[in-house]
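This report goes through one chain, beginning with its sheet and then turning to single residues and their surroundings.

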Amino acid sequence: MEDITTNELKERLANGEKPFIVDVREPHEYEEFNIGALNIPLGSLPQRLDELESHKDEEIILHCRSGARSGNAKAYLLQQGFPKVRNLLGGMLAWQAQG
């Protein structure tokens, strides 16, 4: 699946959609600012994969600070057989820059 822009995700949320979003930043980053996603830091993704199993066939949107860690998480989940994984381009930096 193609990655997703902050504009597209904000529009979907504004329209009442509730996509499954995973924040792969560290807990202290999540505490500073978050959009209500499930927080699973990239380093603990392999140990917490079972938390995503029930969403395996759904769209899963991943984000981090800038898009790099969530890009790695996307590659990992695709290898694990998750077919509908998308990375939020620009991450929370882009999200906050838009206001």
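Val22 has Leu62 as its bridge partner in E3. The coordinates behind this pairing, and behind everything below, come from a predicted model.

**The sheet**

Strand E1, residues 20–23, and strand E3, residues 60–63, run parallel and are joined by four bridges. Asp23 in turn stands opposite His63 of E3. Helix H3, which covers residues 68–79, packs on the sheet and touches both E3 and E4. The direction of H3 makes about 170 degrees with that of E4.

On its other flank, Val22 has Leu38 as bridge partner in E2. Two bridges link E1 and E2, again in the parallel sense. Leu62, for its part, stands opposite Asn87 in E4, and E3 and E4 pair parallel over three bridges. Taken together, the four strands make an open sheet with parallel pairing and the order E2-E1-E3-E4. The edge positions belong to E2 (38–39) and E4 (85–87); each has a single partner strand, so one side of each is left without a neighbour in the sheet. Strands of a sheet pair through backbone hydrogen bonds, in either a parallel or an antiparallel manner.

How are the residues of E1 and E3 placed, buried or exposed? In E1, Phe20 and Val22 point one way while Ile21 and Asp23 point the other way, and all are buried. E3 is likewise covered on both faces: Ile60 and Leu62 are buried on one side, Ile61 and His63 on the other.

**The annotated region**

UniProt, in an unreviewed entry, lists residues 15–97 as "domain: Rhodanese". Within residues 15–97 the chain is 30% helix and 16% strand. The C-alpha atoms at the two ends of this range are 21 Å apart.

**Two residues of the loop between E2 and E3**

His55 is placed in the loop between E2 and E3. With a relative accessible area of 18%, His55 falls under the 20% limit and is therefore buried. Its contacts, not counting residues up to four places away in sequence, are Phe20 and Ile60. Phe20 belongs to the buried set of E1, and Ile60 to that of E3.

Asp57 lies in that loop between E2 and E3 as well. Is Asp57 buried or exposed? Its relative accessible area is 59%, over the 50% limit, so Asp57 counts as exposed. Leaving aside neighbours within four places in sequence, Asp57 is in contact with Pro83 and Lys84. The C-alpha atoms of Asp57 and Leu78 are separated by 11 Å, with the two positions 21 residues apart along the chain.

**Gly91 and Phe33**

Gly91 lies in helix H4, residues 91–98. A relative accessibility of 0% makes Gly91 buried. Beyond residues up to four places away in sequence, Gly91 touches Thr6, Cys64, Arg65, Ser66 and Gly67.

Phe33 is found in the loop between helix H2 (27–32) and E2. At 28% relative accessible area, Phe33 is partly exposed, because the value lies between the 20% and 50% limits. Apart from neighbours within four places in sequence, Phe33 is in contact with Arg25, Met92, Trp95 and Gln96.

The C-alpha separations given for these two residues are set out below.

| Residue pair | Separation in sequence | C-alpha to C-alpha distance |
|---|---|---|
| Gly91 and Ala14 | 77 residues | 18 Å |
| Phe33 and Gln96 | 63 residues | 9.3 Å |

**Rings and charges**

Trp95, one of the contacts of Phe33, also has a charged group over its ring. The charged end of Lys10 sits there, 4.7 Å from the ring centre. Lys56 is placed over the face of Phe82, 5.1 Å from the centre of that ring. How many aromatic pairs are counted? The count is zero for rings of Phe, Tyr and Trp with centres within 6.5 Å.

Terms used
Residues numbered from 1 in each chain as written. Predicted model: local features only at pLDDT ≥ 70, side-chain atom pairs only at ≥ 80, totals over all residues. Heavy atoms only, no water. UniProt positions renumbered as here; feature names shortened; annotations may be inferred. Phe/Tyr/Trp six-rings, centres within 6.5 Å; stacked < 30°, edge-to-face > 60°. Lys NZ or Arg CZ within 6 Å of the ring centre and 35° of its normal. Pairing = 2+ DSSP bridges. Contact = heavy atoms within 4.5 Å. Axes fitted to C-alpha atoms, helices over the stretch in contact; angles between N-to-C directions. Buried < 20%, exposed > 50% of the residue type's maximum accessible area, 1.4 Å probe, protein only.
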